[in-house]
Amino acid sequence: MGSLESPRTAHGWAAHDGSGILSPYEFPLREVDPDSVEIKVLYCGICHTDLHQLKNDYGMSRYPMVAGHEVVGTVTKVGAGVERFKVGDCVGVGCIVGSCQDCNACTGDMEQYCSKKRWTYNDVFPDGEPTQGGFADLMVVDQRFVVTIPEGLSLDAAAPLLCAGITVYSPMKHFGMTEPGKKCGILGLGGVGHMGVKFAKAFGLHVTVISTSRSKEKEAREVLGADDFLVSTDPEQMAAAAQSLDYILDTIPAPHPLDMYLPLLGMNGKFILLGVVPAPLQFVAPNILLGRRMIAGSFVGSMKETQEMLEFSAEKKIECMIETVTFDYINEAMKRLEKNDVRYRFVIDVEKSNKSA
């Protein structure tokens, strides 16, 4: 009789309760079915949403949880029906790893808005097994939710493009924020915000960074290329900037008032929410009505948009500013992320972590 192949395991770091503290964790690796690929994880970014999920801030966390949805790696195995990828390809995985494929969102290449989308982690597959993310050495993912990392992008700095990058790219394309000379405000200069500055400049927009203090002004102007810097706690500056912007991308992932920012928009201005805020946001109606302004939201991007964004990034030399860490530093990185003490994204060097383990 032929021998049976032993079940394979993945090795990662997981949280086991709402403390969010991560520790080494071994779990069964899914089998590679005809439509999936196995990926050796090289790098994985740490998103602010990871922090919320690990600490159960949304009240729906499943444990043990292996977080991570900004994944770059190489294909190590392909299913029999996979034609888009081959062993050795450099690929990426973002926020979702499944959807229904039948609804209007899916058939319209907007699967991120599918009501049955499957999150990269903190979710379950149809067979009831939990999804686990990129804080691990291996993943098995449906080929439809895998993208190619173009040549010319640094693999570690490309990882956050799978969330932070596409989060700003998708609304810029959808809301017409690609017309050179238009004026765009970036509210919050963190992982998503600094990518907003980079993409807005690449599209030829006039960019104003809006922050609560001047501490980031030099970097915003001299490193990221912002045209202006606005201190939101300075009433005179804010009054002088009234009705000066065509768009505002709000990247802040924490509760904050909208009324102090809405008057910055001119007539028909668009205020686009990107941060996942775990509390209601408030504003007074006149700040919308008297300028025919719009408050809208946008969530990451489709697989088609993500691939397009990566190609655009390679062409324009757009990469995330990162600090690379290994798993033995991950809990400290989470503490620093909670204090916004990172410029501008932590990225786990998974391969180096495993070699030194």
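The following questions and answers go through the domains, salt bridges and two loop residues of a predicted model.

Visitor: Into which domains is the protein chain divided?
Guide: The model is predicted, and the bounds come from an automatic or database domain assignment. One domain takes two segments of the chain, and the other takes one. The division is domain 1 (9–154 + 321–355) and domain 2 (164–297).

Visitor: How many residues does the contact take from domain 1 and from domain 2?
Guide: The centres of domain 1 and domain 2, taken over C-alpha atoms, are separated by 29 Å. Contact here requires heavy atoms within 4.5 Å. By that cut-off the contact takes 11 residues from domain 1 and 15 residues from domain 2.

Visitor: How many residue pairs are in polar contact across the interface of domain 1 and domain 2?
Guide: Domain 1 and domain 2 bury about 1,000 Å² between them, with 57% of it on carbon and sulfur atoms. The salt bridge count between these domains is zero. For polar contacts the rule finds two residue pairs, both at pLDDT 80 or more.

Visitor: Which helix gives the most to the side of domain 1 that touches domain 2?
Guide: By class, that side of domain 1 has three nonpolar, four polar and four charged residues. The element that gives the most supplies three residues and spans residues 48–54. It is helix α1.

Visitor: How many residues apart in sequence are the parts that Asp 127 and Arg 30 tie together?
Guide: The structure holds 12 salt bridges, and one of them joins the side chains of Asp 127 and Arg 30, at 3.1 Å from N to O. Asp 127 lies in the loop between β7 (118–119) and β8 (138–142), while Arg 30 lies in the loop between β2 (22–28) and β3 (36–46). Arg 30 is partly exposed, at 27% relative accessibility. The pair therefore ties together parts whose separation in sequence is 97 residues.

Visitor: Is Asp 89 buried or exposed?
Guide: Asp 89 meets Lys 86 in a salt bridge of 2.9 Å, N to O. Lys 86 has a relative accessible area of 54% and is exposed. For Asp 89 the relative accessible area is 18%; the cut-off for burial is under 20%, so Asp 89 is buried.

Visitor: Which residues do salt bridges that share partners join into one network?
Guide: Arg 144 and Asp 142 form a salt bridge, with their closest N and O atoms 2.8 Å apart. Arg 144 is partly exposed at 42% relative accessibility, whereas Asp 142 is buried at 18%. Elsewhere, salt bridges with shared partners make one network of Arg 214, Glu 217 and Arg 221.

Visitor: With which residues is Gly 225 in contact, leaving aside its neighbours within four places in sequence?
Guide: Gly 225 has its place in the loop between α6 (217–223) and β12 (228–231), and its relative accessible area of 26% makes it partly exposed. From Val 87 it is 138 residues apart in sequence and 39 Å apart in space, C-alpha to C-alpha. With those neighbours left aside, the contacts of Gly 225 are Lys 201 and Ala 220.

Visitor: Which residue is joined to Ser 99 by a polar contact of 2.9 Å between side chains?
Guide: Ser 99 is found in the loop between β6 (96–98) and α2 (104–107) and counts as buried at 11% relative accessibility. Leaving aside neighbours within four places in sequence, Ser 99 is in contact with residues including Cys 106, Cys 114 and Phe 145. Its partner in the side-chain polar contact is Gln 101.

Definitions and conventions:
Residues are numbered from 1 along each chain as its sequence is written. This is a predicted model: local features need pLDDT of at least 70, side-chain atom pairs count only at pLDDT 80 or more; totals for chains, interfaces and linings use all residues. Side-chain values use heavy atoms; hydrogens and water are left out. Buried area is the accessible area (1.4 Å probe) that two parts lose on being put together, summed over both. A salt bridge is a side-chain nitrogen of Lys or Arg within 4 Å of a carboxyl oxygen of Asp or Glu. A polar contact is a pair of N or O atoms within 3.5 Å; within protein, one must be able to donate a hydrogen and the other to accept it, and residues adjacent in sequence count only if both atoms are side-chain atoms. Helices (H or I, at least four residues) and strands (E, at least two) are DSSP runs, numbered from the N terminus. Ala, Val, Leu, Ile, Met, Phe, Trp, Tyr, Cys and Pro count as nonpolar, Asp, Glu, Lys and Arg as charged, and the others, Gly among them, as polar. Buried means under 20% relative accessible area, exposed over 50%, partly exposed in between (1.4 Å probe, protein chains only).
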